[in-house]
Structures are given as structure tokens and as C-alpha cells.
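Got the viewer open? Keep a selection box handy and follow along, stop by stop.

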Amino acid sequence: MFILDLLLKFANKKYYNMEIRAVITGDIVASSQIKPEYRKALLECLNTMKNELQNVSPFRMELFRGDSFQLLVEDPVQAAKIAILLRAGLINKTPNKDNGMWDAKISLGIGTVEFLSDSIVTSDGEAFQYSGRQLDSMGKRRLAVKTPWEETNKELDVLTAFVDDIITGWSSKQAGMIYLILKADTPKKEVAEFIGTSVQNVRNVLSTAKETLVRAYINRYSEIIHQNLQ
């Protein structure tokens, strides 16, 4: 019984004693339909976000297969915010909206990282496995989260489905406004001055984009993950 008690004690603490990271794996939606002349713009969009979103949490990012990307995020508490901003940036930067909006299926995995190589896509661990396997089973969903904690997964699965539906329905203008507001928690007045419009117009666009609900999701996600990491 003594040995069993020790094993149970270790099992209950293993996620507290190991470094937990977040891995975001993304696939560009309908990438085969993106015309060759827009491929460079797509890469530039991803690279721009790679630089701009470092203030949310430091992360490493790699592109692979021409239409996929993977991020290793230092702070898992901020990972959902980064995932949402990635989709917002892609939607906003769509150059030819008649052929459909740019977007990505994004799978967020949280867990330990047992092997970290020079290349993210050849690294391994719980976070990588959760992210990669979940991406393959997402179906029509474009945002999903998987953690080591079953009760957390149950709650986040429902919440993420709702926010996923909101994001998928964004226009380019709505996504762009969300991106500007959320990436550095910029005041609405500053956003209005930056894009040359009124504060009321900013409020109207954010209202139609359901910014309040998106923020509520990000805050709840952050709260849940933070509690699990204590």
C-alpha cells in the first residue's frame, strides 16, 4: 500500500513538477484554392503575426508543407488568445474575398514537452501529441483545445465550439478590428485614431463581432488553465 500511495502521489503532481507548454498546430483552410500570386502575401501575413504577437507570449513558429504552421508557446495561459488572433489576422488580410476568406483550422494542445529539437515540427511531447492528433479529428471545426485535465476538456470543448462559430462568421473588417483591439489590449480611442474613424464606429464593429463574448472566452480559458497550473 505504501508503494501504491507513493505512485498515486506522484501521478497527481506530475503536471505541477514538469514544465507545461502550449502547442498550436494550424492548417490553412482550402489552401489549394489560393492562387499562386497570393501565396507570398499569405506567408508575409503569417510572418508579420509571428513578430506582432510576441508581446502576448513569447513563442517559436515554423511553417511546413506550404500550408501549415506550428507554434510552441511559452505561456499556455495566453495560448487561446494567440490562436484567436492568428485566425483574425488571416481573415482580415484576405486579398481576394470573392474566392473565400483566408482562415485556418487551429488545434491547441497543452501539456509537457519531453523532447525539444532545433525544429519545432520534429519535437515531441504531450502538448505536441494533443495538438497534432486533435487537428486530424476536428472535422468541420476550426478551433479546438486539448489539455491533460479531463474536467477542463469538458468545459472548454463546449465554450470553444461557441467562440469558433463566432470567429468563422467574421468579416474582414470585424476580424481586423478584433486583431487591433486584442493584440495589445489597445483602447478603442487609440484604434479609432489609428484607422481614422470614430470611436462609435469602432464600438459598432466590435459589437457585431461579439467582442464581449470573445473576451469572456479568453478570460475563462486563461482562468481555467492558470488554476490547473497552480
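Before you click on anything: helices (H or I, at least four residues) and strands (E, at least two) are DSSP runs, numbered from the N terminus. This is a predicted model, in which local features need pLDDT of at least 70 and side-chain atom pairs count only at pLDDT 80 or more, while totals for chains, interfaces and linings use all residues. Residues are numbered from 1 along each chain as its sequence is written, and side-chain values use heavy atoms, with hydrogens and water left out.

**Stop 1: the whole chain**

Show everything as a cartoon. You should find nine helices and five strands, and walking from the N terminus the order is α-β-α-β-β-α-β-α-β-α-α-α-α-α. Along the principal axes, the C-alpha atoms fill a box of roughly 70 × 40 × 30 Å. The radius of gyration (taken over C-alpha atoms) is 19 Å, which agrees with the value near 17 Å for a compact globule of 230 residues; the globule rule is 2.2 Å times the number of residues to the power 0.38.

Colour by accessibility next, with buried as under 20% relative accessible area, exposed as over 50% and partly exposed in between (1.4 Å probe, protein chains only). Of the 230 residues, 46% count as buried. Now for contacts, meaning heavy atoms within 4.5 Å: among those with a separation of 6 or more, 68% link residues 24 or more positions apart.

**Stop 2: Val 113**

Select Val 113, in the loop between strand S4 (104–112) and helix H4 (126–136). Is Val 113 buried or partly exposed? Its relative accessible area is 24%, so Val 113 is partly exposed. Leaving aside residues up to four places away in sequence, Val 113 touches Glu 19, Arg 21, Leu 72, Asp 124, Gly 125, Ala 127 and Phe 128. Add Val 73 to the selection: Val 73 and Val 113 are 40 residues apart in sequence, and 11 Å apart from C-alpha to C-alpha.

**Stop 3: H2 against H3**

Pick residues 36–52 (helix H2) and 79–92 (helix H3), whose axes are 10 Å apart at an angle of about 145°. Axes here are lines fitted to C-alpha atoms, for helices over the stretch in contact, and angles run from 0 to 180 degrees between N-to-C directions. H2 passes H3 in a right-handed crossing, where the near helix is turned clockwise from the far one by less than a right angle (anticlockwise would be left-handed). Turn on side chains: Leu 42, Cys 45, Leu 46 and Met 49 of H2 meet Leu 85, Leu 86, Gly 89 and Leu 90 of H3. That makes seven nonpolar, one polar and no charged residues, counting Ala, Val, Leu, Ile, Met, Phe, Trp, Tyr, Cys and Pro as nonpolar, Asp, Glu, Lys and Arg as charged, and the others, Gly among them, as polar.

**Stop 4: H6 against H9**

Jump to helix H6 (172–182) and helix H9 (211–229), whose axes come within 12 Å and cross at roughly 45°. H6 and H9 are therefore oblique to each other (under 35 degrees is roughly parallel, over 145 roughly antiparallel, 65 to 115 roughly perpendicular, and the rest oblique). This crossing is right-handed. Ile 178, Ile 181 and Leu 182 of H6 make the contact with Glu 211, Val 214, Arg 215 and Ile 218 of H9: five nonpolar, no polar and two charged residues.

**Stop 5: two positive phi values**

Most residues other than glycine have a negative phi. Select Asp 185, in the loop between H6 and helix H7 (188–195), where phi is positive at about 50°. Asp 185 is partly exposed at 45% relative accessibility. Finish on Lys 210, in the loop between helix H8 (199–208) and H9. Phi of Lys 210 is near 60°, and with 41% relative accessibility Lys 210 counts as partly exposed.
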